[in-house]
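Please look over the sequence and the model together before reading on. The paragraphs below go from single side chains to helix packing and then to aromatic rings.

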Amino acid sequence: MKKAIPALLVPLLLAALSRGAFAQGADPDVSNYYGVVSYRSGDLFGAIAHFQRAVAGNPQNRDAMFNLGVALSETGDCVEAERVFRRLEAVDPAFRGLGLELGNCLVRLARHDDAARQLAKAVAEDPAYPGSSFLLGYALVSAGKFAEAVQPLGVATAAPSLSGPANYYLSLAHEKLGDRGKALTYLRLASQSTATEEGRRAAAELQAAEARAAAGRKWPFPWGILVQTGAAFDSNVPSLPDAAPPQVAGFSVSEGAASQWGARGELYVSGNAEYPFSGGHSVAAMAGWYMNHHFLPFEAITPRAEFDANGYDLMLYHLNLAYRYRGKVKDVRVVPALELGLLDSYTDAFGGAVHGDAAAYGPHHLITDFDLVPGVAVSFHRRESTRLYYRFRVEGYHPSVVDPAVAGRGALNHQIGIEQNVVFFDKDTFALRFAYENNAADGTQWSYGGILLGADLRVTAFDVIELRAGGELFKRDFSDSSYAMTDGSGSKERADLRLTGHAGPEFLLGSRVRLELKYVVIKNFSDVEDRFDYLRHMGLLRVGVSI
């Protein structure tokens, strides 16, 4: 409801005026009177000046304080409006209309628990006014109190101007309560109100909701399939010299080589399903298959340890299982979870048929990762959540065609982290994450400890475009490593600082198709400059279809 709530607040305030809630008082002073006149003529700032003079002349003038708060609220200055309303509350907590107008401000400030308390007073004061019931229901839904929201939203559906938004949030409340049948019924009703943003949103969601309901008649749990394909363009594909150096047989392939632009095609297919049990318990599974194929005739390969867009073909399979419990401790939502993951990846799956003689320089290795991730997410209201997790990873290197010495090596990787997610304007999100990682690998060159700090912003425009931007800092110290410098100056211990930034739009083409464009820039600062210091640019184009 990114824009609908502010849009609704104006008619609610005007409705308050029409029923006499805008106080003139039994004995209004001149400034308060002229403030009312200015307000009704549309001069909000002139009205505010008059009301401020009235309050300054008589700090106990309850009518002028109320009128000042209403006018400030309508200009969008809800912070100052709340301050005025709180002064009035201290003087006369039972002042008629105070609960509704203060609740309006608190809704717009996204303080939904406080708003619900004020709006409950407004409903008790005037049960026949549906605007108070609607805002109370919306505040309760936003605070995650779905069961409590059903009754006031039901009252609001009786008002023609509010029936669409009220039915939409009733659908959301019943969806969260696990009653998909009622959720679909209210979504259909909401979709008939095409003049409101909620009605248009409901119409767009109805097709997908009906498809899920149809699937539910065949399968007793929600499921989905994603097929994604695309292309990536990369500035840092190393250029292999005519005479391949001896080190191409290992993981240090082409370190320090000159770079060239290259491209690859991608294909990713995944499926997921979640089975809910009673009492908030659920289990989920996801499986996926990924392949990239270099369709430009590169004469180089890229070290796996350095780049996620390798210069050779890569194929992987993954399987994830998760258990979650969605519970509450008083008003705090607590979601403990345990995740298990298994990933197999191997390179140059198609051998010389793809790269010709250059394929002989590929590491041809198979890697298996096993992840164990216990964690817990805590949320004090619907607009934010905090997740704490610990990830334990066992990584094993299997036989390598070119370098048998790699066979049997492995690593134990530990990561502990915290993620903070905030939702604003109902659909936009900001995420912040911090993690410490330790990688104890066979072979001192790959053992490291490091910290990671990242942030991501996602903004939705017109319900059809998501604008995304973010960045990441990753500081790693390979404290046991030793690299000989190519200029003969001796050996150095490796330490890296990698900075990553990305930005781009994602277009929502209906309910099932997404088109993503993204630009990524990576700068790695390394103490071993001649091997690991680089600047990299990437362009991504992806199309995904979900079922």
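**Buried charges, packed helices and paired rings**

Glu 516 is buried, with a relative accessible area of 11%, and this is a statement about a predicted model, as is everything that follows. The residue is part of strand 14, which covers residues 513-526. Along the chain, Glu 516 is 48 residues from Arg 468, yet the C-alpha atoms of the two are separated by 10.0 Å.

Another glutamate can be read in a similar way. Glu 437 belongs to strand 10, made up of residues 428-441, and its relative accessible area of 9% places Glu 437 among the buried residues, because buried means under 20%. The side chain of Glu 437 has a partner, since a polar contact of 2.9 Å links it to the side chain of Asn 413.

Arg 494, which sits in strand 13 (residues 491-509), counts as buried at 0% relative accessibility. What does the side chain of Arg 494 make a polar contact with? The partner is the side chain of Asp 496, at 2.5 Å. The charged end of Arg 494 also sits over a ring, that of Phe 478, at 4.2 Å from the ring centre. A further arrangement of this kind involves Lys 523, whose charged end sits over the ring of Phe 525, 5.1 Å from its centre.

Lys 145 takes the reader from strands to a loop, the one between helix 8 (130-142) and helix 9 (146-156). Is Lys 145 buried or exposed? With a relative accessible area of 16%, Lys 145 is buried, and its side chain makes a polar contact of 3.2 Å with the side chain of Asp 113. From C-alpha to C-alpha, Lys 145 is 9.8 Å from Leu 177 in space, while 32 residues separate the two in sequence.

The helices can be taken next. Two packed helices are described by the angle between their axes and the distance between the axes. For helix 4 and helix 5, the packing angle is about 160 degrees and the axes are 8 Å apart. That angle makes helix 4 roughly antiparallel to helix 5, because angles over 145 degrees count as roughly antiparallel. The crossing of helix 4 and helix 5 is left-handed.

A pair of rings joins these two helices as well. Phe 66 and Phe 85 form a tilted aromatic pair, with 6.1 Å from centre to centre and 55 degrees between the planes. Because Phe 66 lies in helix 4 (residues 62-75) and Phe 85 in helix 5 (residues 78-91), the pair ties together parts that are 19 residues apart in sequence. Both partners are buried, Phe 66 with a relative accessible area of 1% and Phe 85 with a relative accessible area of 0%.

Helix 4 can also be followed towards helix 6. The axes of helix 4 and helix 6 come within 11 Å and cross at roughly 30 degrees, and the two helices are therefore roughly parallel to each other. As helix 4 passes helix 6, the crossing is left-handed.

How many of the eleven residues of helix 6 are buried? Ten of the eleven residues in helix 6 (residues 98-108) are buried, so the helix is largely enclosed by the rest of the structure. Among the buried residues of helix 6 are Leu 98, Leu 100, Leu 102, Leu 106 and Val 107, and the list also includes Glu 101 and Asn 104. After helix 6 comes Ala 110, whose phi is positive, near 65 degrees.

The aromatic rings complete the tour. The structure holds eight aromatic pairs. One of them is formed by Tyr 33 and Tyr 34, an edge-to-face pair with 5.6 Å from centre to centre and 70 degrees between the planes. Tyr 33 counts as partly exposed at 42% relative accessibility, and Tyr 34 likewise counts as partly exposed, at 44%. Elsewhere in the chain, Phe 134, Tyr 138, Tyr 168 and Tyr 169 form one aromatic cluster.

Definitions and conventions. Residues numbered from 1 in each chain as written. Predicted model: local features only at pLDDT ≥ 70, side-chain atom pairs only at ≥ 80, totals over all residues. Heavy atoms only, no water. Phe/Tyr/Trp six-rings, centres within 6.5 Å; stacked < 30°, edge-to-face > 60°. Buried < 20%, exposed > 50% of the residue type's maximum accessible area, 1.4 Å probe, protein only. Helix = DSSP H or I, 4+ residues; strand = E, 2+ residues; numbered from the N terminus. Lys NZ or Arg CZ within 6 Å of the ring centre and 35° of its normal. Polar contact = N/O pair within 3.5 Å; in protein donor to acceptor, adjacent residues only side chain to side chain. Axes fitted to C-alpha atoms, helices over the stretch in contact; angles between N-to-C directions. Parallel < 35°, antiparallel > 145°, perpendicular 65-115°, else oblique. Left-handed = near helix turned anticlockwise from the far one by under 90°.
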